[in-house]
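This briefing covers a single structure, shown below. The points that follow are grouped by topic.

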Amino acid sequence: MQIKFSIYFTNHLDQIIKIDKNIVDVEDGILEVEINKLFNTLTFTTNGVYYEPSIINDLMPRIEVKYQLDENEVISEFFVLDGVDYLLENNIKVYAKSEGVRYTYKYGGNVDKLMQVVSVKDLLMQLLPTMTLDFNNFTDIPLVFDYEIKNKSIEEVVHDLSGITMFEYYYDKGVLYL
């Protein structure tokens, strides 16, 4: 299988820059699907690209990866900058996470709320309103009570629900599969 990819970076001036020629290294497992995780990670090293400190952790989709497997259609996936490390020879290691990271404690904080829902599917749709969810292999469970979240991140709530109802979830190509 041959993978072709390009990486684009939206800088602090909202300029979109193709940084393929600046890539020094892309680490293994960058778009690897992990069970029970709301996001994917991407790690790469560049040289000659400036990452304004104010855009790190701003939750804006600043990295776009376009890739194609063999002769299939081109797929785009967006990532937010999660951090950078300054290395020798002006190299910068970039840590990025897909947009599902917004629901983690680090970015979303903890939540306290009472939700009126009719099922686990309804609850997940309310918890993750901007995420594309795939329920094709999901058996919904009705709820006969309101669901209360006390001092937990959305990520923790989804993890707790999966433990109770025994569903698994994973994030792949911009979709959360349940």
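**Salt bridges**

At 32% relative accessibility, Lys152 counts as partly exposed. The side chain of Lys152 meets that of Asp160 in a salt bridge, with 2.3 Å from N to O. The model is a predicted one, and a search of the whole of it finds 9 salt bridges.

- Asp160, the partner of Lys152, is also partly exposed, at 28% relative accessibility.
- Salt bridges with shared partners link Asp82, Lys97 and Lys106 into one network.
- Within this network, the side chains of Lys106 and Asp82 form a salt bridge of 3.0 Å, N to O.
- Lys106 belongs to helix α1 (residues 105-108) and Asp82 to strand β6, so this pair ties together parts that are 24 residues apart in sequence.
- Asp82 has a relative accessible area of 13% and is buried, because buried means under 20%.
- A further salt bridge brings together the side chains of Asp58 and Arg62, at 2.8 Å from N to O.
- The two partners fall into separate accessibility classes: Asp58 is partly exposed, with a relative accessible area of 25%, whereas Arg62 is buried at 9%.
- As general background, side chains of opposite charge can pair when their charged atoms come close.

**The seven-stranded sheet**

- Seven strands make up an open sheet in the order β2-β1-β5-β6-β7-β4-β3, and the pairing is antiparallel.
- The edges of the sheet are β2 (16-18) and β3 (23-26), each of which pairs on one side only.
- On average, and with direction ignored, neighbouring strands of the sheet are turned by 35° against each other.
- In general, strands of a sheet pair through backbone hydrogen bonds, either parallel or antiparallel.

**Strand pairs and hairpins**

- Strand β1 (residues 3-10) runs antiparallel to β5, and 7 bridges join the two.
- In the pairing of β1 with β5, Lys4 is opposite Gln68 of β5.
- Strand β5 (residues 61-69) is joined to β6 by 6 bridges, again with antiparallel direction.
- Two of the facing positions between β5 and β6 are Lys66 opposite Ser76 and Glu64 with its bridge partner Phe78.
- The hairpin formed by β5 and β6 has 5 residues between the strands, and Asp70 in its turn has a positive phi of about 50°.
- On the other side of β6 in the strand order, β6 pairs with strand β7 (residues 91-98) in the antiparallel sense over 7 bridges.
- Leu81 is placed opposite Ala96 of β7.
- β6 and β7 also form a hairpin, here with 4 residues between them, and Glu89 in the turn has a positive phi of about 60°.

**Edge strand β2**

- Ile16 is part of strand β2, which is one of the edge strands of the sheet.
- Is Ile16 buried or exposed? Ile16 is exposed, with a relative accessible area of 62%.
- From C-alpha to C-alpha, Ile16 and Gln68 are 20 Å apart in space, and they are separated by 52 residues in sequence.
- Gln68 lies in β5, and in the sheet order β1 comes between β2 and β5.

**The second largest pocket**

- The volume of the second largest pocket is about 180 Å³.
- Its lining consists of 13 residues, and those closest to the pocket centre are Glu99, Gly100, Thr130, Tyr171 and Gly174.
- Which strand gives the most to the lining of this pocket? Strand β6 (residues 75-86) does, with 3 residues.
- By residue class, the lining divides into 4 nonpolar, 5 polar and 4 charged residues.

**Strand β6 across the topics**

- Strand β6 appears in several of the groups above: β6 pairs with β5 and with β7, and gives 3 residues to the lining of the second largest pocket.
- Strand β6 also holds Asp82, whose salt-bridge partner Lys106 lies in helix α1.

How values were computed. Residues are numbered from 1 along each chain as its sequence is written. This is a predicted model: local features need pLDDT of at least 70, side-chain atom pairs count only at pLDDT 80 or more; totals for chains, interfaces and linings use all residues. Side-chain values use heavy atoms; hydrogens and water are left out. On a 1 Å grid over the protein atoms alone, a cavity is a set of points where a 1.4 Å probe fits but cannot get out, and a pocket is an open set with protein on both sides within 12 Å along at least five of seven lines; lining residues have an atom within 4 Å of a point. Grid points are joined across faces, edges and corners, and a volume is the space filled by probe spheres set on the points. Ala, Val, Leu, Ile, Met, Phe, Trp, Tyr, Cys and Pro count as nonpolar, Asp, Glu, Lys and Arg as charged, and the others, Gly among them, as polar. A salt bridge is a side-chain nitrogen of Lys or Arg within 4 Å of a carboxyl oxygen of Asp or Glu. Buried means under 20% relative accessible area, exposed over 50%, partly exposed in between (1.4 Å probe, protein chains only). Two strands pair if DSSP finds at least two bridges between them. Axes are lines fitted to C-alpha atoms, for helices over the stretch in contact, and angles run from 0 to 180 degrees between N-to-C directions.
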